[in-house]
Amino acid sequence: MATPILRVHNLTVIYPGVHPVKALDNVNLEIYPGEFVVVAGVSGSGKSTLLRAINRLAENDHARIEGEIYFDGINVLKASRRQLREIRSHIGFIFQEYNVVERLPVLTNTLVGSLAQVGFLRSLLGRFPKEQIERAHRALVRVGIPQHRHGDRAARLSGGQKQRVGIARALLQRPKLILADEPVASLDPITANVVMNIFKKINEDEGITTIVNLHDPVLTFKYGKRIIGLKGGRIIYDKPISAINRETFEEDIYGTVDGEG
Amino acid sequence: MAQWTERARLSGEVWLRRFGFSLGLLLLLALYGWALRGVEFDLSSIFKYGGKFFELLGRMYPPDFSALPQLVRPLLQTIQMATLGTFLGALMALPLVVFGSQLVVRSALIYWPVRAFMNILRTIPDLLYAVLFVAAMGFGPAAGVGALSFFACAIIAKLTSESADNINPKPIEAVEAVGANKLQVIRYAVLPQLIPSFIDHVIYVFELNVRVSAVMGYVGAGGMGMQLTTAMEWRNYPQVLTIALLIFALVIIIDMIANRIRDAFVQGIKLHPVVRWLEWGILAGLIVWSFISLEVDLTRLRRGFGYFSNLVWAITTEPATEYLGLAIQRMVQSLQIALVGTTLSFLLSFPLGFLASRRYVGIPVALAVSMKQIPNIIRAFPELILAIFFIATFGPGPLPGVLAIAIHSIGMLGKFNAEIVEKIRKEPVEALQSSGASRLQVFRYAVLPQVLPEFLALFIYRFEINVRAASVLGIVGAGGIGSLINEAQSYRAWDIVGICLVVIIPTVMAIDFLSARIRKKLIEG
Ligand SMILES: Nc1ncnc2c1ncn2[C@@H]1O[C@H](COP(=O)(O)OP(=O)(O)OP(=O)(O)O)[C@@H](O)[C@H]1O
Ligand SMILES: [Mg+2]
């Protein structure tokens with residue numbers, strides 16, 4: 001295969017404190033362009049920490065990140081603030097809680113994704129270029145938000161709709177990589193599938209590399225093409241879906257259903 | 001045997017508690033005795049000279065409305081000063097709030113100093129700002145605008161940063177994650193969440209500023225207050241009454257308008273774009289008009305800047321330590337004034353609170369409704385004007401300060417007392433009523449226990465506010481540390497003014513801190 005778009009080498013993440021937590025322990029990973037990867041694991045296994053280490057959002061929680069992370073050949077952990085912003089602008093991040101600004105209109109929330117491409121002064125004045133505005137409308141329609149809702153405040157949307165705005169916001173970045181941290185954990189099963197299908201379609205149509213964190217085994221097996229299993233901050237599985245025995249995988253990752261594992 | 005010792009232990013505990021209670025009571029009595037002496041409180045002189053107060057009022061009546069045309073300009077100036085002061089204050093407050101927020105700047109090296117600065121600004125009372133700015137920029141409205149903008153900035157920043165601590169941090173991460181820079185994060189994730197409460201506080205501060213702006217001319221800072229000084233000096237009492245009434249009317253009208261705007265804003269009424277643009281236009285016009293007619297010029301600003309750097313220089317390099325003792329002594333008197341004034345006010349407003357709420361006491365509706373209006377009317381009379389009246393009655397000294405604070409505070413205490421009484425749970429009341437308790441018993445065992453902690457919390461909060469008032473009323477002659485500032489100011493003794501600031505700022509800060517702690521304890525139980 002080609003060179004990896006993302007290479008994680010000996011990654012260890014520690015949350016300092018009275019009782020420091022080692023959330024990731026010597027993780028190694030290579031992700032290739034166009035892959036659709038699901039990171040599976042129970043709560044607390046380190047899924048969020050992994051994604052948040054890749055774009056260094058984990059530093060907001062004062063996490064200590066050690067090791068090497070190469071995105072598109074650049075060492076993320078060595079990047080300056082300016083370089084980091086450049087790197088982040090190529091990585092779309094989707095949050096479990098959508099993280100939209102409730103008081104801003106849907107359209108503006110989406111346009112936020114283009115901030116790194118818009119002139120600084122223009123962005124502060126809120127005067128986005130026509131081209132970006134049109135892209136935002138198209139992205140929203142594409143993820144299933146009809147045109148007449150684009151002027152509404154985000155607060156008036158349902159959870160599933162807010163997550164669609166979150167995806168549209170990421171699309172405006174023209175990302176090379178999408179990181180989605182439990183994007184459907186707060187949604188009902190039907191909506192969850194609709195949203196997962198959007199990710200799938202983006203990955204298939206545009207070849208955007210996608211890493212999705214999921215804790216639900218059903219969704220994991222339904223959408224994952226390659227599955228990485230995390231447990232206690234270590235990678236215990238990293239295989240294409242075809243090579244995975246579902247029974248033993250579930251037992252290893254989640255423990256048995258009757259709790260004997 | 002075992003039972004006997006148990007009983008002995010119990011009665012020992014009872015005695016201990018009684019002893020503690022008596023000791024506390026004794027200490028409290030001693031505190032009040034000390035404070036009453038400190039403020040030269042003397043009922044006989046109140047009764048003896050109290051008549052003079054009404055005599056004074058009598059000489060004011062009837063008001064001299066022929067003076068009205070002359071008062072139009074000062075009245076407009078008062079509004080202009082309040083508008084411009086609030087506008088500039090809001091402009092200054094916003095960056096303080098943003099850069100004082102942990103959520104926005106994650107470095108304690110930035111947000112701690114900003115927060116400390118905010119807290120210092122907040123401790124300086126309104127009139128003290130006025131005195132400082134008059135000294136800095138000379139007589140006139142420019143000084144008033146300077147003082148009001150700092151006063152406004154302090155309060156807006158304080159209130160809004162409380163809201164800023166409660167904004168949702170998640171959208172901030174989302175905007176950071178797309179590669180936006182700090183200012184873009186502020187523009188798209190922080191400000192949209194902050195603006196509603198910010199505007200609410202700006203409107204509130206505009207109300208406050210109108211009150212302050214109306215009287216601060218008394219120390220030379222422009223507006224109606226200057227007219228008041230002249231009328232007082234010429235003993236033109238009918239004109240004094242006219243001015244007082246005009247200020248009173250202005251405050252009430254502005255409060256009414258502000259409330260309407262706030263309600264419309266809170267309910268988020270959708271306005272037609274034309275109406276919206278019209279409103280912005282009116283607002284912008286008002287600000288520009290104020291700016292032009294107040295003649296705020298650059299040389300004055302430069303002069304003001306020089307004054308403040310001199311002041312800070314004097315404080316840090318050659319503090320007038322020989323006056324420290326005197327300043328502390330006067331500050332203590334200010335605390336005594338605040339304590340006695342607040343207590344008096346509390347005693348007066350206590351029955352008012354119960355009467356204004358007719359739910360449990362059963363008084364005629366009409367009486368209750370009219371009782372409710374009394375606090376609102378009293379609140380609109382600034383302390384300063386009351387202090388001036390009382391000084392004219394009793395002569396300069398702490399007593400007029402006490403009385404001014406006592407009367408003015410009835411406004412707020414009466415209003416909130418009534419609200420507390422309205423809010424009590426009715427189940428305990430009904431339980432007692434159904435057991436055949438008398439009205440007084442119901443009051444003692446079902447009403448009082450419910451309202452007492454909240455009353456105390458309110459008392460302490462008002463004390464906190466009155467400490468600020470008591471530190472500055474001396475500027476017009478009503479005792480406390482303000483009187484020292486007044487003397488120092490007239491001799492241009494900056495170093496003494498400086499030492500007063502050095503005493504006032506930490507004292508007010510400490511009182512604020514303690515008050516917040518105690519109130520939290522009281523309310524949370
Ligand atoms: N801000 C933080 N401070 C301290 N410890 C943290 C912090 N965030 C996560 N941790 C710890 O790091 C470990 C991994 O957490 P992480 O959030 O990455 O797990 P997760 O797999 O995403 O779980 P979930 O499914 O609940 O989101 C956990 O033990 C957690 O307690
Ligand atoms: Mg997680």
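In this predicted model, Glu173(B) and Arg52(A) form a salt bridge, with their closest N and O atoms 2.7 Å apart. How many salt bridges does the rule find across the interface of chain A and chain B? The count is one salt bridge. Polar contacts add to the picture, with 10 residue pairs found across the interface, both partners at pLDDT 80 or more. On the side of chain A that touches chain B, at least two residues each come from helix H2 (81-89), strand E6 (91-94) and helix H4 (120-125). Among the contributors, H4(A) gives the most, with four residues. Sorted by class, this side of chain A has 14 nonpolar, nine polar and six charged residues.

The contact as a whole draws 29 residues from chain A and 20 residues from chain B. Together the two chains bury about 2,200 Å² between them, and 62% of that area is on carbon and sulfur atoms.

Two asparagines of chain A help to show what the interface looks like from within. Asn99(A) sits in the loop between E6 and helix H3 (106-111) of chain A. Is Asn99(A) buried or exposed? With a relative accessible area of 4%, Asn99(A) falls under the 20% cut-off and therefore counts as buried. Setting aside neighbours within four places in sequence, Asn99(A) is in contact with Arg169(A) in its own chain and with Lys170(B), Pro171(B), Glu173(B) and Ala174(B) in the other. Glu173(B) is thus met again here, as it is also the salt-bridge partner of Arg52(A). The side chain of Asn99(A) also reaches the backbone oxygen of Lys170(B), at 2.9 Å. Within chain A, the C-alpha atom of Asn99(A) is separated by 28 Å from that of Val27(A), a residue 72 places away along the chain.

The second asparagine, Asn55(A), is found in the loop between helix H1 (47-54) and strand E4 (64-71) of chain A. Its relative accessible area is 0%, so Asn55(A) is buried. Beyond its neighbours within four places in sequence, Asn55(A) is in contact with Leu84(A), Arg88(A) and Phe93(A), and across the interface with Ala177(B).

Attention now turns to the ligand. Which residues are closest to ligand 1? Of the 13 residues that surround ligand 1, the closest are Ser43(A), Gly44(A), Lys47(A), Ser48(A) and Thr49(A). For Thr49(A), an N or O atom in the side chain is 2.4 Å from an oxygen atom of ligand 1. The side chain of Glu182(A) likewise has an N or O atom 3.1 Å from an oxygen atom of the ligand. In Gly46(A), by contrast, a backbone N or O atom takes this role, lying 3.0 Å from an oxygen atom of ligand 1.

A final view is offered by Arg226(A), which is placed in strand E9 (residues 226-231) of chain A. Arg226(A) counts as buried because its relative accessibility is 11%, and the cut-off for buried is under 20%. Where does its charged side chain find a polar partner? A polar contact of 2.7 Å joins the side chain of Arg226(A) to that of Glu35(A). Not counting residues up to four places away in sequence, Arg226(A) touches Leu29(A), Glu30(A), Ile31(A), Glu35(A), Phe36(A), Val37(A) and Val38(A), as well as Asp238(A), Lys239(A), Pro240(A) and Ile241(A).

Key: Residues are numbered from 1 along each chain as its sequence is written. Chains are lettered from A and ligands numbered from 1 in the order in which they are written. This is a predicted model: local features need pLDDT of at least 70, side-chain atom pairs count only at pLDDT 80 or more; totals for chains, interfaces and linings use all residues. Side-chain values use heavy atoms; hydrogens and water are left out. Contact means heavy atoms within 4.5 Å. Buried area is the accessible area (1.4 Å probe) that two parts lose on being put together, summed over both. A salt bridge is a side-chain nitrogen of Lys or Arg within 4 Å of a carboxyl oxygen of Asp or Glu. A polar contact is a pair of N or O atoms within 3.5 Å; within protein, one must be able to donate a hydrogen and the other to accept it, and residues adjacent in sequence count only if both atoms are side-chain atoms. Ala, Val, Leu, Ile, Met, Phe, Trp, Tyr, Cys and Pro count as nonpolar, Asp, Glu, Lys and Arg as charged, and the others, Gly among them, as polar. Buried means under 20% relative accessible area, exposed over 50%, partly exposed in between (1.4 Å probe, protein chains only). A residue is near a molecule or strand if one of its heavy atoms lies within 4 Å of it.
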